[in-house]
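The following exercises concern a predicted model. Please examine the sequence and the structure before working through each solution.

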Amino acid sequence: MKTNKTFKIGDFEINRIGFGTMRVTTGSGIWGDTPNKENAINVIRTAIEHGVNFIDTADAYGPYTSELLVEEAVRPYKDQVMIATKGGFIKYQPGAVLPNGHPYYLRTALEGSLRRMNTDSIDLYFLHKVDPNIPIEESVGALAQLQREGKIKHLGISNVTPEELKRAQSVATIDAVQNAFNYADRNAEDLVRATSARDIAFIAHTPVARGNWNDPTVTKAGKEGMTSNQLALSWLLHFAPNIIAIPGTSSQTHLMENLQSYTLKPESYEEA
Ligand SMILES: NC(=O)c1ccc[n+]([C@@H]2O[C@H](COP(=O)([O-])OP(=O)(O)OC[C@H]3O[C@@H](n4cnc5c(N)ncnc54)[C@H](OP(=O)(O)O)[C@@H]3O)[C@@H](O)[C@H]2O)c1
C-alpha cells in the first residue's frame, strides 16, 4: 500500500513526520530551561533541514521556555515551517499541570504566546486540554473569536473525545486534533477515524511511546530489520492518511532513524 508523505492544513502541506519539542526544550518534569540549549537548537534545525516542517510546542512546556527556544531555532526557517502551540493548561510545578479553559485566561495565554513566538498570528493553536469546569463550546468559542481577530490561523483541540470534537465543531472550524496514539496505545482509534472522515489533521502525540515498547513490538520490528520506533512510526503513517506523528528527540541519531520510517514497511504490522 502506498501512503502519502504529506497532509494539508489549509494551504500548508505538512510532511507527516513532524517534531515534538516538549522534552528537548525543557528540564526534568517538563520544567525550566533545557540543560543543553545548543543541542536542542541543533536537533530542531537538523530536523527542518531534513524536511520536517511541523513543530509542536506549548506554553506549558517549561512553562514558556519551549516556545522561546522554538522561536529561536525556527527563526531562520520561519516561512518554511508550521508551528503549533497550545494554551489552556497551567504548568505550576515540575510534573504538574491544571487545565484552565476560561475565555479570559485563554486570551491572556494566547497573547503571551504571540509575544514569545514574535508573531501577530499563531499558525495552529490548540486548546491543550478541556477544562472540566468550562463547557468546551465556551473555551473553543473564545479561541474562535481570537481567530476572527486574526491572532490564530488554524484552530485545534487536544486530549479530546469524539463527542467533544463534535461539540467543538458546533462553534468553530477545527483543523487539527492532537491526542496520544501509537502502536501500543490505540485508545484514540475512534477519534482517528472521525477526523479522517472529516479531513481534519490528527496529530499523534507520544508516537513512539517514549521508547517504552512491549516485547511483541520489539520482536516484530527485529524480524523486519527495523527498530521498534521505526515500526511504530511506519504503522502510524499507514494507519490513516491524516495522521501526523510528532516524535520528540534530543538525539541526531534518533532523529535520522525516525525520519527513515517514511520508506520502511513490514510485510504486516501485527504479530503472526
Ligand atoms: N497534547 C498533549 O497533551 C501532549 C502530551 C504529550 C506529548 N505531546 C507532544 O508530543 C511530542 C512527543 O511526545 P513525547 O515526547 O511524550 O513522546 P515520544 O515522542 O513518543 O517519545 C519521546 C522519547 O522517546 C525517545 N526517542 C525518540 N525517538 C527515539 C528513537 N528513534 N530511539 C530511541 N528513543 C527515541 C526520546 O529520547 P531521546 O531524546 O533519547 O531520543 C524521548 O525521550 C511532545 O514533544 C509534545 O510536543 C503532547
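**Exercise 1.** Determine which residues of helix α7 are exposed and which are buried, and explain how the buried ones are arranged about the axis.

*Solution.* Begin with the exposed side: D215 and G222 of α7 are exposed. A residue counts as exposed if 12 or fewer other C-beta atoms lie within 10 Å of its own, and as buried if there are 20 or more. Next, take the opposite side of α7, which spans residues 215-223: T217, K220 and A221 are buried there. Viewed down the axis of α7, these buried residues fall within an arc of 95°, and therefore they line one face of the helix. This agrees with a general rule: an α-helix has 3.6 residues a turn, so residues three or four places apart point the same way. Then identify the packing partner: the buried residues of α7 pack against α8 (228-239). Finally, inspect what follows α7: G225 has a positive phi, near 75°.

**Exercise 2.** Describe how strands β8 and β9 are joined.

*Solution.* First establish the direction: β8 (residues 89-93) and β9 (residues 96-99) run antiparallel, with four bridges between them. Within this pairing, I90 stands opposite L98 of β9. Then examine the connection: two residues separate the strands of this hairpin, and G95 in the turn has a positive phi of about 75°.

**Exercise 3.** Characterise the shell around the ligand.

*Solution.* Count the shell first: 26 residues surround the ligand, the closest being G20, M22, H205, G248 and T249. By class, the shell comprises 16 polar, six nonpolar and four charged residues. Lastly, assign the main contributor: helix α9 (residues 252-259) gives the most, with three residues.

How values were computed. Residues numbered from 1 in each chain as written. Predicted model: local features only at pLDDT ≥ 70, side-chain atom pairs only at ≥ 80, totals over all residues. Pairing = 2+ DSSP bridges. Near = placed C-beta within 6 Å. Nonpolar A, V, L, I, M, F, W, Y, C, P; charged D, E, K, R; others polar. Arc of directions from axis to C-beta. Contact = placed C-beta atoms within 7 Å.
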